Amino acid sequence: VRFLLTFDDGPSIAQGFNPTSAILDQLAANSVQPQIKALFFVQTRVGGRVGAEIRLALLRRMQADGHVLGFHSSTAYGHVNHRALPPDEFEQSLTDGIEDIRAIRGTAPLMIRPPFWSFEQRTLDAYRRRGLHMLLTDINARDGKIYGWNISLRRRSHFRSGLAQVREDILKDRLPLVAGAYPVVITFHDTNTFTARHMQEYLSILTEESARVGLTLAQKPFYDQTAEIEAVAFARRNNGE
């Protein structure tokens with residue numbers, strides 16, 4: 001097994017302690033596997049002009065650090081369900097988001113994860129027309145909450161049960177083998193301050209609980225090459241069938 005780490009909702013535009021920045025720091029330097037790369041499903045216009053400087057700096061850092069930028073949303077008012085947007089506004093948001101990401105990475109994004117993971121045939125068709133492939137997840141950290149109670153008290157047992165299900169899926173040939181390993185998609189939210197303060201702990205939990213449920217990890221349990229991440233994400237794409 002190898003873990004493909006994905007993050008939703010960022011980049012954070014918080015000043016002072018910035019959770020996205022803290023997560024990038026820990027992916028680069030940690031005691032489990034330094035220089036881990038991830039797939040970030042980003043909001044390219046969150047915060048509008050107010051957050052533009054911080055947002056662009058973090059998007060450029062993700063690209064420079066070798067992470068992959070995927071598309072999440074591109075409206076100034078943030079995290080809006082694609083199904084709820086008027087048709088013209090929805091199409092414009094796709095155009096804007098693709099171009100925003102192209103301006104940073106030089107090519108259009110390949111992957112999309114819709115806000116709230118909410119989709120229908122109309123939105124799936126629009127994604128396909130623009131060359132976007134939807135990627136969902138195998139294990140969700142359930143850390144999507146930003147404000148209020150965002151602490152996860154049962155994170156170890158939650159990941160253990162998710163990894164046990166992964167093992168069952170592998171035994172029943174439900175997961176594809178890609179380049180000699182089973183890629184397992186893990187989802188966090190890089191706007192969550194608790195996640196940002198405990199990212200290294202999460203990395204340890206994933207490796208320790210894998211052994212506990214009988215999963216064999218690759219020598220490098222986390223993907224650390226940009227091209228590999230895009231290939232694996234494409235192999236695990238799921239347009240809702």
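Alanine 179 sits in the loop that runs between helix 5 (155-171) and strand 7 (183-189), and in this predicted model its phi is positive, at about 50°, although the residue is not a glycine. With a relative accessible area of 81%, alanine 179 is exposed, since the limit for that class is over 50%.

A positive phi in a residue other than glycine is also found at tryptophan 117, where the angle is near 55°. Tryptophan 117 belongs to the loop between strand 4 (111-112) and helix 4 (121-129), and its relative accessible area of 24% makes it partly exposed, because buried would require a value under 20%.

Another backbone feature lies towards the N terminus, in the loop between strand 1 (2-8) and helix 1 (19-28), which holds proline 11. The peptide bond that leads from glycine 10 into proline 11 is cis, with omega near 0°.

Threonine 44 offers a view of a loop residue that is covered by its surroundings: it is found between strand 2 (39-43) and helix 2 (52-64), and its relative accessibility of 5% places it among the buried residues, for which the limit is under 20%. Leaving aside residues up to four places away in sequence, threonine 44 touches Arg55, Ser73, Ser74, Gly97, Asp100 and Ile101. With one of these, aspartate 100, the side chain of threonine 44 makes a polar contact of 2.7 Å.

These local details can now be set within the chain as a whole, which contains eight helices and seven strands. The radius of gyration of the protein chain is 17 Å, whereas the globule rule gives 18 Å for 241 residues, and because the two values are close the chain is as compact as a globular protein of that length. Its C-alpha trace spans about 50 × 40 × 35 Å along the principal axes, and 53% of the 241 residues count as buried.

Contacts across the sequence add to this picture: among those in the protein chain with a separation of 6 or more, 77% are between residues 24 or more positions apart.

As for the surface and the charges, the accessible surface of the protein chain comes to about 10900 Å², and carbon and sulfur atoms contribute 51% of that area. The chain carries 29 positive and 26 negative side chains, and the centres of these two sets lie 3 Å apart.

Notes
Residues numbered from 1 in each chain as written. Predicted model: local features only at pLDDT ≥ 70, side-chain atom pairs only at ≥ 80, totals over all residues. Heavy atoms only, no water. Helix = DSSP H or I, 4+ residues; strand = E, 2+ residues; numbered from the N terminus. Rg over C-alpha atoms; globule rule 2.2 N^0.38 Å. Buried < 20%, exposed > 50% of the residue type's maximum accessible area, 1.4 Å probe, protein only. Contact = heavy atoms within 4.5 Å. Areas by Shrake-Rupley, 256 points an atom, 1.4 Å probe, with all protein chains shown as cover. Lys, Arg positive; Asp, Glu negative; His and termini not counted. Charge placed at Lys NZ, Arg CZ, Asp CG, Glu CD. Polar contact = N/O pair within 3.5 Å; in protein donor to acceptor, adjacent residues only side chain to side chain.
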